[in-house]
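Dear colleague,

I am handing over the structure we spoke about, and below it you will find my notes on what turned up when I went through it. Please read them with the coordinates open beside you.

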Amino acid sequence: MKENTIVSLCLTSYNRKEKLKNCIESFLKTNVYPLENIEIVIIDNGSDDKKTVEYIKSLKIDCYDIKKHFNEKNDYPFCIRRAKNQSRAIAEGSYFIDCPDDHLFVVKSNWISNYMEYLDIEKENISCLCHYAY
């Protein structure tokens, strides 16, 4: 893993302020990867809930670069694949963490660095790695 590698946390959301807020807060509480090397990309899928839109517009977190994109309401229903492609086009990171707004991060660990090291070693054999546990 290279030092100062930017990692992009790419979130998609639609009219779910509380879920998005919980997702972001859980990430902030559990993340141990250097703050200055993480950017948060939020794709809003045409929310018409004022509280959700205002929350996203007002979101500022010290040390984090936050990029926001709002799709027009008439773009909904917006294909999740298209939204993820949109987030990758906006993101500047070398690594992407695709995450819907209803996920919670629960373990404080160095999982981002561990994933990056694993991907660097096994990059020829991996197409996707996820943080889900069942």
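R16 is a convenient place to begin: with a relative accessible area of 30%, this arginine is partly exposed. Please bear in mind throughout that the model is a predicted one.

The side chain of R16 meets that of D101 in a salt bridge, with 2.5 Å from N to O, and this pair links distant parts of the chain, since D101 sits in the loop between β4 and α4 whereas R16 sits in the loop between β1 and α1, 85 residues apart. D101 is itself buried, its relative accessible area being 2%. R16 also forms a salt bridge with D102, where the closest N and O atoms are 3.5 Å apart; because D102 lies in the loop between β4 and α4 and R16 in the loop between β1 and α1, this pair ties together parts that are 86 residues apart in sequence. D102, at 41% relative accessibility, counts as partly exposed.

A further salt bridge joins the side chains of E92 and K67, at 3.4 Å from N to O, and here too distant parts of the chain are linked, with E92 in the loop between α3 (80-90) and β4, and K67 in strand β3 (residues 65-70), 25 residues apart. The two partners differ in their surroundings, for E92 counts as exposed at 60% relative accessibility, while K67 is buried with a relative accessible area of 16%. Both of them belong to a network of salt bridges that links E39, D65, K67 and E92. The count of salt bridges comes to seven.

As for the overall architecture, the protein has four helices and four strands, which follow the pattern β-α-β-α-β-α-β-α when read along the sequence. Of the contacts between residues at least 6 apart in sequence, 78% join residues at least 24 apart. The protein has 134 residues, of which 40% are buried, and its accessible surface comes to about 8300 Å², with 50% of that belonging to carbon and sulfur atoms.

Turning to the interior, which residues have the most contacts inside the largest nonpolar core? This core has 24 residues, and the ones in question are L9, L11, I24, F27, I40, I42 and I112. At least two residues of the core are supplied by each of β1 (7-13), α1 (17-30), β2 (38-44), α2 (50-58), β4 (95-100) and α4 (111-122), and among these α1 gives the most, with four residues. Another core lies apart from it, made up of five residues, among them C10, V41, I43 and A83.

L9 deserves a separate look: leaving aside residues up to four places away in sequence, L9 touches F27, E39, I40, V41, I97, C99 and F105. Two of the names in that list recur elsewhere in these notes, in that E39 belongs to the salt-bridge network with D65, K67 and E92, and V41 is among the residues of the five-residue core.

If you look at one region before we next talk, I would suggest the surroundings of R16, whose salt-bridge partners include D101 and D102.

With best wishes

How values were computed. Residues numbered from 1 in each chain as written. Predicted model: local features only at pLDDT ≥ 70, side-chain atom pairs only at ≥ 80, totals over all residues. Heavy atoms only, no water. Buried < 20%, exposed > 50% of the residue type's maximum accessible area, 1.4 Å probe, protein only. Contact = heavy atoms within 4.5 Å. Areas by Shrake-Rupley, 256 points an atom, 1.4 Å probe, with all protein chains shown as cover. Core = buried A, V, L, I, M, F, W, Y, C linked by side-chain atoms within 4.5 Å. Salt bridge = Lys/Arg side-chain N within 4 Å of Asp/Glu carboxyl O.
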